Amino acid sequence: TSDTDFNVEIKEGFDGDEDIQHIATGIYLNENGEYVITEAAGLRFVANMANEGVGTKATNAFKDMFNGKTIILSSNIDLAGEEWTPMDLWGCTSLTIDGAGHKISNMVIKGEGRLGFISQCTGNINIKNLTFENPIVEGTASFIGVVIGYQYGVATLNNVDVHGGVVSTNIANKGIRIGGLIGFSAPDSGGFNLEGCDVSETEIRGYHNVGGLVGTALAGIELGEKKSFMSDCSVTKCKFYFSGTYEEPDENGNCGYHVYDSQAYEEGYSVKTNCTESGNQAFYVKISSEDAEYGESDKVVYVNNPENLQKVLLNQHTHTIMLGAGEFIADIYSQTKERESLTIIGSEGTKVSFANQQVRMELFTNFKIENCEIMHMATKSWGHIVFSSSNNANGVYTIENCTFNGVGTQGIYINETASGA
């Protein structure tokens with residue numbers, strides 16, 4: 001025999017107690033009958049259990065395991081930008097998710113239908129003490145929220161926060177009912193209770209019925225009853241983009257039901273107590289068309305047809321351009337007007353290539369492109385994007401959450417006298 005070194009790793013949840021039952025990687029059943037999640041794999045195990053059934057309902061196996069149970073997070077969970085499949089809890093009669101003060105960060109959801117951490121739910125769903133950090137939830141239709149897309153039964157959210165990120169739909173497709181927490185609370189549902197919840201620094205985009213907390217709250221509207229309640233909640237420094245009903249925020253960042261829960265609040269069927277909103281911004285989004293005229297009011301424009309992009313770039317009042325799916329060519333050298341800032345925001349399936357020589361930085365103090373697949377330059381045999389000299393010491397030029405595709409010797413080229421890139 002010879003000496004041998006052993007490395008022993010004791011995972012959280014294993015302490016020799018025979019009352020603790022290992023379920024799968026990252027999840028165990030504790031002595032109190034609660035499911036404890038220690039890492040992302042455990043959270044994905046729960047989602048897979050819910051989604052492996054036939055049709056759009058929670059599986060019998062999921063209900064057998066989790067109905068009436070509590071799921072607890074024992075640590076922060078980083079989903080690391082890997083796409084999350086929303087949990088379908090339709091048919092689940094009761095479930096509690098306790099974040100225990102932890103975060104779920106970098107959750108990414110993209111697709112069709114009802115979207116959120118939970119796509120849809122019935123029964124009594126309780127979620128508490130949990131923060132969603134920098135979620136990206138992007139759909140093509142309606143009923144989209146960071147936490148719950150479509151809420152039926154009764155949902156109780158206590159100290160559930162959303163910080164940063166984006167929750168959005170394809171505005172040109174007239175996707176509606178988009179909320180920071182819940183997308184839609186159905187008319188014949190049992191309503192919701194929100195206590196101590198906060199949505200901050202989040203971009204929320206939809207055609208209309210866009211809310212900081214809830215996109216559309218209709219619980220009780222058919223019976224004339226108050227079934228939804230919000231207390232000690234806040235919506236802070238969020239940006240709202242919509243193309244239907246529009247309301248400018250006041251000096252405190254208030255913009256009425258767009259920031260809270262849409263028409264049910266206006267009609268008195270949900271109750272708001274000691275809730276605040278501040279520092280929010282609201283933007284009307286014009287949907288471009290081939291024969292459109294663009295003026296001073298068209299600060300944000302949604303472009304679905306690639307042929308319309310260059311007309312929008314020529315409007316010096318437009319500071320934000322949202323692009324749908326497709327391949328777009330942008331000439332930001334000789335066919336773009338000067339302005340203080342320009343932001344180009346892509347969506348699922350957006351591809352952008354830059355024409356002419358360079359992105360002419362002296363046109364802007366701030367330039368940003370995000371959520372796009374940047375293709376090889378349309379008019380050059382090398383590179384993807386070239387930042388020209390700006391001669392602006394305060395210039396800030398940003399590429400965020402973009403990928404590069406196409407053959408080229410360089411992805412990004414910055415002229416030696418460019419500033420702030």
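# Close-up legends

**View A. A buried cysteine and its neighbour, Cys233.** With a relative accessibility of 0%, Cys197 counts as buried. Throughout these legends, buried means under 20% relative accessible area, exposed means over 50%, and partly exposed is anything in between (1.4 Å probe, protein chains only). Keep in mind that this is a predicted model, where local features need pLDDT of at least 70 and side-chain atom pairs count only at pLDDT 80 or more, while totals for chains, interfaces and linings use all residues. Residues are numbered from 1 along each chain as its sequence is written, and side-chain values use heavy atoms, with hydrogens and water left out. Which cysteine sulfur is closest to that of Cys197? It belongs to Cys233, and at 4.6 Å it is too far for a bond.

**View B. Another cysteine without a partner, Cys121.** Cys121 is buried too, with a relative accessible area of 0%. Its closest cysteine sulfur is in Cys92, but the 9.0 Å between them is too far for a bond. How many disulfides does the structure hold? The count is zero, where a disulfide would take a pair of cysteine sulfur atoms within 2.5 Å.

**View C. The largest nonpolar core, with 64 residues.** A nonpolar core here is a set of buried Ala, Val, Leu, Ile, Met, Phe, Trp, Tyr and Cys residues joined through side-chain atoms within 4.5 Å. Leu181 and Leu194 have the most contacts inside this one. Helix 1 (residues 40-51) gives the most to the core, with six residues; helices (H or I, at least four residues) and strands (E, at least two) are DSSP runs, numbered from the N terminus. Zoom in on Leu194 and you'll find that it touches Leu157, Leu181, Ile182, Leu213, Val214, Phe229, Met230, Ser231 and Cys233, leaving aside residues up to four places away in sequence. Contact means heavy atoms within 4.5 Å. Another core lies apart from this one, with 27 residues that include Leu309, Leu342, Met361 and Phe367. In soluble globular proteins, nonpolar side chains tend to be buried together.

**View D. A stacked ring pair, Trp84 and Phe117.** Rings of Phe, Tyr and Trp (its six-membered ring) pair if their centres lie within 6.5 Å; planes under 30 degrees apart count as stacked, over 60 as edge-to-face and the rest as tilted. That rule gives eleven aromatic pairs. Why is the pair Trp84 and Phe117 called stacked? The ring centres are 5.4 Å apart and the planes sit at 10 degrees, so it counts as stacked. The two rings link distant parts of the chain, 33 residues apart: Trp84 is in the loop between strand 5 (77-78) and strand 6 (87-89), and Phe117 is in the loop between strand 8 (108-111) and strand 9 (118-121). Trp84 is buried at 2% relative accessibility, and Phe117 is buried at 1%.

**View E. A tilted ring pair, Trp90 and Tyr152.** Here the ring centres of Trp90 and Tyr152 are 5.6 Å apart and the planes make 40 degrees, so the pair is tilted. Trp90 is in the loop between strand 6 and strand 7 (94-105), and Tyr152 is in the loop between strand 13 (148-151) and strand 14 (154-163), so the pair ties together parts 62 residues apart in sequence. Trp90 is partly exposed at 23% relative accessible area, and Tyr152 is partly exposed at 25%. Ring pairs link Trp90, Phe143, Tyr150, Tyr152 and Phe184 into a cluster.

**View F. Arginines over rings, Arg114 and Arg205.** A charge sits over a ring if NZ of Lys or CZ of Arg is within 6 Å of the ring centre and within 35 degrees of the ring normal. The charged end of Arg114 sits over the ring of Phe143, 5.5 Å from the centre. For Arg205, the ring underneath its charged end belongs to Tyr241, with 5.8 Å to the centre.

**View G. Positive phi at Ala80 and Asn129.** Ala80 has phi near 55 degrees, a positive value in a residue other than glycine. Look for Ala80 in the loop between strand 5 and strand 6, where it is exposed with a relative accessible area of 52%. Asn129 also has a positive phi, near 55 degrees. Asn129 lies in strand 10 (residues 124-133) and is partly exposed, at 27% relative accessible area.
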